[in-house]
Each structure stands twice: as structure tokens, then as C-alpha cells.
Amino acid sequence: MGSRIEPGTVLTPREVEVVDGEPVDIPQRGRLVHLQFRRFAGCPVCNVHLRSVATRHAELAAAGVLEVAVFHSPEAELRVHTADIPFAVVADPGKRLYREFGVESGARALLHPRAWLPVLRSIAAGLARRDPAPAAKQEHGRLGLPADFLIAEDGTVVAAKYGEHIYDQWSVDDILALARAETDVPRR
């Protein structure tokens, strides 16, 4: 994997292809971008997290935050699991963006004790909702770790989080607090 992206890093502007939508520019003029890296299409833990973000999507948009979620699954698999997600979803089956942002995989994704309860709850919730099962074979495995980046309109990474286990990511409240802090501080 590439080296980690730290706050203060200025990203080269890019356009990312979105599943079932128009390409998205990162950074965005007049908005913050929350770029979140998830695991694979249908990951029960990712689904619980994405549902929490989707439920409060209007709050995030009102705070000037554009949500972009990246998965290392092909578009066809993502369509099955993200059709009702109200924000940009990016298929990165070659893990190009994962490498560029230094997003890792490892056994600690599932072995960390703080991951066990969220994993069990996520599986139970998915079964109760009758979510479609993920593909049996995941080309890049099931041991991905999450990562979150908040990117200012000038491309500066204002905050970054690399997860220590599969449920170690920013909550919606965390994202909103970071967005408020960023909009309260004038940028040069």
C-alpha cells in the first residue's frame, strides 16, 4: 500500500467514476468532501455504517459535506447492495484509490476485540432486513480496514482517520463536528 495521507496534504484534483451516477470531482467547489473507504459490496458492517450515513444524509448535505464511499468491489456487485444509498458510491476493484490513500487490509480488521460485537450486530441486522448476501469470493479479501478523509474545497485534507478494525470509522456526529470546525476556521 501507499503511504498514509496526513492532514495538511493537498490532493491533486481528480474526477471519480460513480456507480449509477455522474462522475464526482474531488475536491468540490464550496463543499467539503467526506471520502470514506469501506470494504466490499454487501459487507454487513459496512452496510450498518452506510445506513447510518444515509439516514442523516440531509444533515450532512446541509453542513456542506459531500459523501463519497469507495469499495473494492466491481460495479455490478455494488449495484445490488447500494441502490438505495443517496450519495456517491465508487467501485475501485483494482484498489487504485486504496493504494493512493494508504488504506490497508489485515487480520486485525476482524481479530480486534472491539470489532466482535459490531460484527455480530451487523450480521443479525442484515439477516433481519434480509439484505442480499455478499459474493462468496472477494477478490481482495474480507480483511479491509476503513479509512475516512475530510477534504476542503482547495484539496487540503483537513482530517484523516485510518481504522484499527472494521468498525473503527467516523460516525455522522464526528463528520458533522469536523465540518463545523472546518467551516468556523477561515482558510487562507
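Let me begin with Arg 96, which is partly exposed, with a relative accessible area of 47%, where partly exposed covers the range between buried, under 20% relative accessible area, and exposed, over 50%, using a 1.4 Å probe and protein chains only. Before going on, I should say that this is a predicted model, in which local features need pLDDT of at least 70 and side-chain atom pairs count only at pLDDT 80 or more, while totals for chains, interfaces and linings use all residues. Residues are numbered from 1 along each chain as its sequence is written, and side-chain values use heavy atoms, with hydrogens and water left out.

Now, what does the side chain of Arg 96 meet in a salt bridge? Its partner is Glu 100, at 3.6 Å from N to O, and by a salt bridge I mean a side-chain nitrogen of Lys or Arg within 4 Å of a carboxyl oxygen of Asp or Glu. The two residues are four apart in helix 4, so about one helical turn separates them; helices here are DSSP runs of H or I with at least four residues, strands are runs of E with at least two, and both are numbered from the N terminus.

Glu 100, which counts as partly exposed at 32% relative accessibility, also forms a salt bridge with Arg 14, at 2.4 Å from N to O. Because Arg 14 lies in strand 1 (residues 14–16) and Glu 100 in helix 4 (residues 96–101), this pair ties together parts that are 86 residues apart in sequence. Arg 14 itself is buried, with a relative accessible area of 16%. Taken together, Arg 14, Arg 96 and Glu 100 are linked in a network of salt bridges.

Let us turn to another pair. Arg 56 and Asp 173 form a salt bridge whose closest N and O atoms are 2.8 Å apart, and this pair links distant parts of the chain, since Arg 56 sits in the loop between helix 1 (44–55) and helix 2 (57–62), Asp 173 sits in helix 7 (residues 172–184), and they are 117 residues apart. Arg 56 is partly exposed at 24% relative accessible area, and Asp 173 is also partly exposed, at 45%.

How many salt bridges does a search of the whole structure find? The search finds nine, including the ones between Arg 14 and Glu 100 and between Arg 56 and Asp 173.
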